[in-house]
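Here are a few notes from going through the side chains, mostly about aromatic rings. Have a look at the model alongside them.

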Amino acid sequence: KDADNQKFLVIPKGSGYYVLRSLGSGKALDINSKVMDDATGAGDVIQWSETGGTNQLWRFEYAPGTGGVRIYSAMNAGQSCLTVESPSLVAGNEVDVLNASSSLVARQSFKPVRLGNVSYENLNMTMAQMIDWQFAGNSYLTGWGQTPETLKVRVDPAQQTGSYYYQFTDLRLSDGTTAAELEAFINSTSTGRSGNMVGMGATFLAAANYYGLNPTYLLAHAIHESGWGTSTLAKGYAYDGKTEVGGKTWPAGTYYNYFGIGAVDSSPLTGGRAMAIKEGWNSREAAIWGAAKWIAANYTYRSSYPQPTLYAMKWDYARSSATLKFGSHQYATGYEWARSIAKLMGQCYSYNGRSPSLYYIVPVYK
């Protein structure tokens with residue numbers, strides 16, 4: 001099972017697409033002769049010398065409920081993905097491409113396994129350029145007293161040691177944490193015990209597993225954004241069902257937001273409540289499941305410039321590297337955001353006496 005013909009180098013080519021190069025042959029995964037049926041998305045998959053064509057470009061998208069991903073071709077409007085040919089899933093069946101279908105999800109879902117625990121991404125920019133673009137695009141930094149020297153402490157990968165290194169964790173992979181461990185960490189502080197996340201450990205785990213996220217990260221993110229479930233948004237907002245939100249009314253009820261989604265700096269409470277109402281987060285469980293879905297779709301599995309680590313979610317470095325300007329798709333303006341969540345992840349692992357097997361993606365500046 002460890003033969004080189006079953007190992008592939010995943011080489012980024014921009015805009016969320018990759019070349020999958022066989023370690024055995026050195027050739028790329030390829031749609032044979034660029035032929036794909038327009039209606040069904042059917043085509044033969046072979047290996048071929050790298051050409052740079054769309055028939056050799058692939059992107060990853062989470063497959064909810066499988067713990068894996070679909071691998072889509074850049075051809076046929078991105079609708080066709082790798083598919084095991086026979087539903088019996090026995091050894092020897094061919095892997096071709098076919099349009100994605102809910103009835104084929106078991107045959108179209110794959111769980112990539114990294115070899116080694118760190119991969120490095122070479123960037124088309126210097127660290128000094130990256131820092132300059134952050135100041136150009138985030139007006140809050142100067143107001144918060146940041147300088148290029150102090151911001152470098154947060155941006156320089158070499159300075160992210162200890163728990164801060166969890167910023168580079170590939171959040172698309174589970175860490176084996178249990179619901180009991182998540183619940184224990186929620187209850188490990190007096191703030192957590194008095195907050196509105198008590199009893200939600202199993203929900204965090206289920207939502208993370210369903211949407212292909214690291215469960216410890218998901219909990220740590222919620223703790224950071226909601227103050228261990230004590231924030232106004234996390235406590236719930238009783239909506240009357242009569243006041244217009246986004247130009248219309250919605251069902252009355254109590255709505256929750258643990259992740260600060262929609263809570264922009266100019267109006268965090270109003271924005272966060274509006275997002276919860278419009279997304280239908282009318283229970284604690286719905287708020288956690290809905291946020292996991294939203295984060296997976298908009299960050300970790302984003303089709304263009306995916307952001308699968310906390311460091312990437314904060315700094316949007318892939319976009320900056322490709323466009324040579326400020327990466328605007330950042331989860332938060334705060335310069336300590338990624339480090340704060342990484343620190344909480346480390347605290348959760350330490351509290352439960354765990355040394356998880358994780359995979360890391362570390363950017364390398366010119």
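1. Start with the ring cluster: Tyr62, Tyr210, Tyr211, Trp289 and Tyr301 are joined into one by ring pairs. Keep in mind that this is a predicted model. Across the structure, the count of aromatic pairs comes to 20.

2. One pair deserves its own point. Phe168 and Tyr311 have ring centres 5.2 Å apart with planes at 40°, so the pair counts as tilted, given that stacked needs under 30 degrees and edge-to-face over 60. The two residues sit 143 residues apart, so to speak in distant parts of the chain: Phe168 is in the loop between helix H3 (148-155) and helix H4 (179-186), while Tyr311 belongs to helix H11 (residues 310-315). Both Phe168 and Tyr311 are buried.

3. Then there are arginines over tyrosine faces. Arg59 lies over the face of Tyr72, 4.3 Å from the ring centre. Arg339 does likewise with Tyr164, at 3.9 Å from the ring centre.

4. Last, a histidine in a loop. His329 is found between helix H12 (317-323) and helix H13 (337-351). Is His329 buried or exposed? Its relative accessibility is 17%, so His329 counts as buried, the cut-off being under 20%.

5. What does His329 contact, once its neighbours within four places in sequence are left aside? The list is Asn298, Tyr299, Arg302, Gln307, Met313, Asp316 and Arg319.

Conventions:
Residues are numbered from 1 along each chain as its sequence is written. This is a predicted model: local features need pLDDT of at least 70, side-chain atom pairs count only at pLDDT 80 or more; totals for chains, interfaces and linings use all residues. Side-chain values use heavy atoms; hydrogens and water are left out. Helices (H or I, at least four residues) and strands (E, at least two) are DSSP runs, numbered from the N terminus. Buried means under 20% relative accessible area, exposed over 50%, partly exposed in between (1.4 Å probe, protein chains only). Contact means heavy atoms within 4.5 Å. Rings of Phe, Tyr and Trp (its six-membered ring) pair if their centres lie within 6.5 Å; planes under 30 degrees apart count as stacked, over 60 as edge-to-face and the rest as tilted. A charge sits over a ring if NZ of Lys or CZ of Arg is within 6 Å of the ring centre and within 35 degrees of the ring normal.
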